[in-house]
Amino acid sequence: MAEKKGILTVSFGTTYEEARREAIDALEKELAHSFPAYELRRAFTSSIVRGKLAGQGILIPGVTEALQAFWKEGYSHIWIQPTHLIPGEEYDRLRADVDVWRGKFEFLKVGEPLLLTEQDYDRVVGLMKERFAPGEDEACIFMGHGTYHEANRAYEKIEKRLEKKPGRRIFMATVEGVPSLEEILDALEGDQGIRKIRLVPFMLVAGEHALHDMAGEDAQSWKRICTARGYETTCVLHGMGAYPEIRQLYVKKLKKCLSGTFFGISVGPGAGGSLTLDAADCIRRCDVLAVPRTGADHTIALSIVRRAETRIREMFHAADYLGMEEKEILYLDFLMTREEKKRREVYQSLAEKIAGYLDEGKNVGMAVLGDVSIYATVSYLAAPLTDAGYEVRLLPGVSSFCACAAALGRSLTSMSGPLHIIPAGYEGTAESLRLPGSKVLMKSGSHLPQTKRLLRELGLYERSSMVKDCGMETQELCWGLDEDTERNSYFTTILIPEDGE
């Protein structure tokens with residue numbers, strides 16, 4: 001049977017028709033236009049709003065009712081895109097409501113609110129500054145809802161991003177929580193150059209809070225409070241959803257929700273025994289396993305995964321637990337060159353190839369030697385994929401130098417001593433080796449003769465040890481550098497304990 005795919009947009013809702021039309025309706029139209037292959041429906045989370053609208057003959061379901069309708073109609077794949085601005089109580093409640101339906105659909109996924117990652121904050125604050133740049137004698141104050149949920153830090157993050165220079169005139173305040181309007185007005189009191197204040201709702205729709213708490217005639221409204229302080233006050237009565245640039249950010253959020261995830265998976269060094277349970281489970285769930293190579297189809301990263309698969313089968317009697325028999329293997333041909341332009345072209349090409357799978361909704365895992373955060377090629381692909389709006393996750397693992405220390409039966413550091421990780425052969429190697437603490441020289445193979453000479457000059461040679469091909473069949477352990485067989489290996493790591501160890 002053909003898969004039936006649906007998208008459910010989830011908003012708090014509003015009873016104000018104009019606010020609903022210019023924000024929620026406009027956003028849903030853009031989402032439907034951007035993803036025409038899916039059935040798009042809506043749900044409102046506020047039972048009060050739904051009840052009032054029902055009294056007007058407008059029937060809008062809650063999340064449970066909407067999912068129940070999808071299920072009864074035989075939909076197999078559902079993506080849920082919230083219109084929430086922050087991951088607060090409403091977002092938590094949405095996820096809890098959706099969890100009840102897991103197992104009833106073949107696929108069920110909840111997308112992100114507008115503000116989640118640091119890049120989200122940078123983009124939104126940039127748009128806020130551009131659209132609402134205040135005049136010479138004006139201050140612009142955004143009204144956020146605020147919450148006693150931990151997500152209130154979202155407003156604080158925005159406020160901090162607005163604190164870029166002295167004398168700024170654009171602020172974030174909240175109805176509930178911090179920062180408050182009074183705090184900002186107190187801070188402005190000494191600025192004689194500001195005579196006007198513009199109030200802007202930082203909410204999806206300009207509903208109850210905007211019309212009454214901000215622009216109302218009640219003495220406690222923000223407009224009246226600002227006016228009482230002597231400012232000429234104006235109110236913008238449009239929610240954030242009314243602005244095309246904000247709606248486009250939601251389009252990108254839904255694209256991210258509909259797409260697969262790119263995983264950088266640490267597989268550790270050696271024979272597969274350092275593969276973590278999380279890494280094994282992630283490999284199992286990925287549709288595509290990407291492995292770097294510089295020549296033949298056989299790659300070290302892939303061989304480690306294969307060996308781990310064999311060990312899992314022998315230890316737990318789990319045949320093909322990693323799903324390697326049906327998994328597609330994507331070979332990534334990295335260019336070994338120092339020419340920055342050519343390297344970037346290759347990275348962009350490989351990122352686009354991975355993006356093609358992600359656009360099909362497939363999860364792609366990239367097997368990375370050692371740990372993903374240490375001199376790993378995955379970073380060259382994760383950055384452009386993140387910039388393009390795809391979800392990227394990194395799974396930590398056992399680093400090669402930690403495995404080397406364990407193989408030698410030695411500790412890398414003691415007490416509060418620092419540890420320096422140094423790529424052998426770079427221009428500042430000598431200066432780095434003079435620093436206090438323990439050192440690790442990575443990728444020393446092609447630079448080994450020069451490195452040994454340098455260690456002798458600095459008086460570090462006698463207390464240094466070395467491991468080649470850690471965990472592999474060709475592993476060599478050298479407790480002293482004089483034990484070196486002189487065999488060249490790219491995977492050569494030198495450990496130098498701090499003086500006195």
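Let's start with two helices: α1 (residues 17–34) and α10 (residues 244–258) have axes that come within 10 Å and cross at roughly 45 degrees. That angle is neither under 35 degrees nor in the 65 to 115 range, so the two count as oblique. Keep in mind that this is a predicted model. The protein chain has 501 residues, and 50% of them count as buried. Its secondary structure comes to 17 helices and 18 strands.

**The chain as a whole**
- Along its principal axes, the C-alpha trace spans about 85 × 65 × 40 Å.
- Take the contacts between residues at least 6 apart in sequence: 72% of these join residues that are at least 24 apart.

**Helix α1 against helix α10**
- The crossing of α1 and α10 has a hand, and here it is right-handed.
- On the α1 side, the residues that meet α10 are Glu22, Ala26, Leu27, Glu30, Leu31 and Ser34.
- Facing them from α10 are Arg247, Gln248, Tyr250, Val251 and Leu254.

**Helix α5 against helix α6**
- Here's a second helix pair to look at: the axes of α5 and α6 (residues 153–162) come within 10 Å, with a crossing of roughly 55 degrees.
- The contact draws on Glu118, Tyr121, Asp122, Val125, Met128 and Lys129 from α5.
- From α6, the partners are Ala154, Lys157, Ile158, Arg161 and Leu162.
- α5 and α6 are therefore oblique to each other, and their crossing is right-handed.

**Aromatic rings**
- How many aromatic pairs does the count come to? The total is eleven.
- One aromatic pair joins Phe132 and Phe142, with 5.3 Å from centre to centre and 85 degrees between the planes, an edge-to-face arrangement.
- Phe132 lies in the loop between α5 (118–131) and β5 (138–144), while Phe142 is in strand β5 itself, so this pair ties together parts that are ten residues apart in sequence.
- Are these two rings buried or exposed? Phe132 is buried, with a relative accessible area of 5%, and Phe142 is buried too, at 0%.
- Phe132 and Phe142 also belong to one aromatic cluster with Phe202 and Tyr243.

**Charges over rings**
- Which residue lies over the face of Tyr75? That would be Lys4, at 4.5 Å from the ring centre.
- Further along, the charged end of Arg456 sits over the ring of Tyr461, 3.8 Å from its centre.

**Two residues with a positive phi**
- Tyr375 isn't a glycine, yet it has a positive phi of about 50 degrees.
- You'll find Tyr375 in the loop between β12 (364–369) and α14 (378–387).
- With a relative accessible area of 39%, Tyr375 is partly exposed.
- Asp469 isn't a glycine either, and its phi is positive as well, at about 50 degrees.
- Where is Asp469 placed? Look in the loop between β16 (465–468) and β17 (476–478).
- Asp469 is buried, and its relative accessible area is 6%. That value is under the 20% cut-off, so the residue counts as buried even though it lies in a loop.

Conventions. Residues numbered from 1 in each chain as written. Predicted model: local features only at pLDDT ≥ 70, side-chain atom pairs only at ≥ 80, totals over all residues. Heavy atoms only, no water. Phe/Tyr/Trp six-rings, centres within 6.5 Å; stacked < 30°, edge-to-face > 60°. Helix = DSSP H or I, 4+ residues; strand = E, 2+ residues; numbered from the N terminus. Buried < 20%, exposed > 50% of the residue type's maximum accessible area, 1.4 Å probe, protein only. Lys NZ or Arg CZ within 6 Å of the ring centre and 35° of its normal. Axes fitted to C-alpha atoms, helices over the stretch in contact; angles between N-to-C directions. Parallel < 35°, antiparallel > 145°, perpendicular 65-115°, else oblique. Left-handed = near helix turned anticlockwise from the far one by under 90°. Contact = heavy atoms within 4.5 Å.
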